[in-house]
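Please walk me through this protein, moving from a single residue outward to the elements and the core that surround it.

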Amino acid sequence: MTTSDDNLKSTFSFSKPAIYQIRVLGKVPSSWSERLSGMDLSYRNKKSGVETTLIGKMSDQAQLSGLLISLYELHMSVLSVEKLNTNI
């Protein structure tokens with residue numbers, strides 16, 4: 001393992017809270033925010049259709065996984081998942 005791998009490992013944890021941004025193709029109903037772990041929802045019109053951005057705090061990777069499963073069950077196409085902050 002290299003030094004950069006060691007640095008990444010020391011700053012990344014599966015069991016700590018973090019803020020995530022998830023983008024999906026399609027419009028997630030705002031009434032589903034609570035079902036989706038209370039994520040904040042915003043919408044953008046794109047050439048490919050409406051895109052929903054979800055931003056919020058996940059307590060750990062298990063909660064993030066559950067959220068992604070919910071989006072899958074809603075037939076939403078996940079475009080990206082980005083960890084924004086772990087210093088919370």
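**From one buried residue to the core**

Thr-53 counts as buried because its relative accessibility is 9%, which falls under the 20% cut-off used for that class. The values discussed here come from a predicted model, and Thr-53 itself belongs to strand E3. Once its neighbours within four places in sequence are set aside, Thr-53 is in contact with Gln-21, Ile-22 and Arg-23, and also with Asp-40, Leu-41 and Ser-42.

The wider setting can be given in a few terms. The protein has 2 helices and 4 strands, and along the sequence these follow the pattern α-β-β-β-α-β. Of the 88 residues in the protein, 25% are buried. Among contacts between residues at least 6 apart in sequence, 70% join residues that are at least 24 apart.

One of the partners of Thr-53, Ile-22, leads into the interior. The largest nonpolar core has 14 residues, and Ile-22, Val-24, Leu-36 and Leu-71 are those with the most contacts inside it. The elements that contribute two or more residues to this core are E1, E3 and H2, with the largest share, 4 residues, coming from E1. Leaving aside neighbours within four places in sequence, Ile-22 is in contact with a set of residues that includes Met-39, Thr-52, Leu-54, Leu-64, Leu-67, Leu-68, Leu-71, Val-78 and Val-81.

Helix H2 can be followed from its start to the residue beyond its end. At the start of H2, a side-chain oxygen of Asp-60 comes to within 3.2 Å of the backbone nitrogen of Ala-62. The helix itself, residues 61–73, has 13 residues and reaches 18 Å from its first C-alpha to its last, close to the 18 Å expected at 1.5 Å a residue. Its buried residues are Gln-61, Leu-64, Leu-67, Ser-70 and Leu-71, and what covers them includes strands E1 (18–25), E3 (49–58) and E4 (77–85). H2 is followed by His-75, which has a positive phi, near 65°.

Aromatic rings complete the picture. The structure holds 0 aromatic pairs, yet two rings have a charged group placed over them. The charged end of Lys-27 sits over the ring of Tyr-43, at 4.7 Å from its centre, while the charged end of Arg-35 sits over the ring of Trp-32, at 5.2 Å from the centre of that ring.

How values were computed: Residues are numbered from 1 along each chain as its sequence is written. This is a predicted model: local features need pLDDT of at least 70, side-chain atom pairs count only at pLDDT 80 or more; totals for chains, interfaces and linings use all residues. Side-chain values use heavy atoms; hydrogens and water are left out. The expected span of a helix is 1.5 Å times one less than its number of residues. Buried means under 20% relative accessible area, exposed over 50%, partly exposed in between (1.4 Å probe, protein chains only). Contact means heavy atoms within 4.5 Å. A polar contact is a pair of N or O atoms within 3.5 Å; within protein, one must be able to donate a hydrogen and the other to accept it, and residues adjacent in sequence count only if both atoms are side-chain atoms. Rings of Phe, Tyr and Trp (its six-membered ring) pair if their centres lie within 6.5 Å; planes under 30 degrees apart count as stacked, over 60 as edge-to-face and the rest as tilted. A charge sits over a ring if NZ of Lys or CZ of Arg is within 6 Å of the ring centre and within 35 degrees of the ring normal. A nonpolar core is a set of buried Ala, Val, Leu, Ile, Met, Phe, Trp, Tyr and Cys residues joined through side-chain atoms within 4.5 Å.
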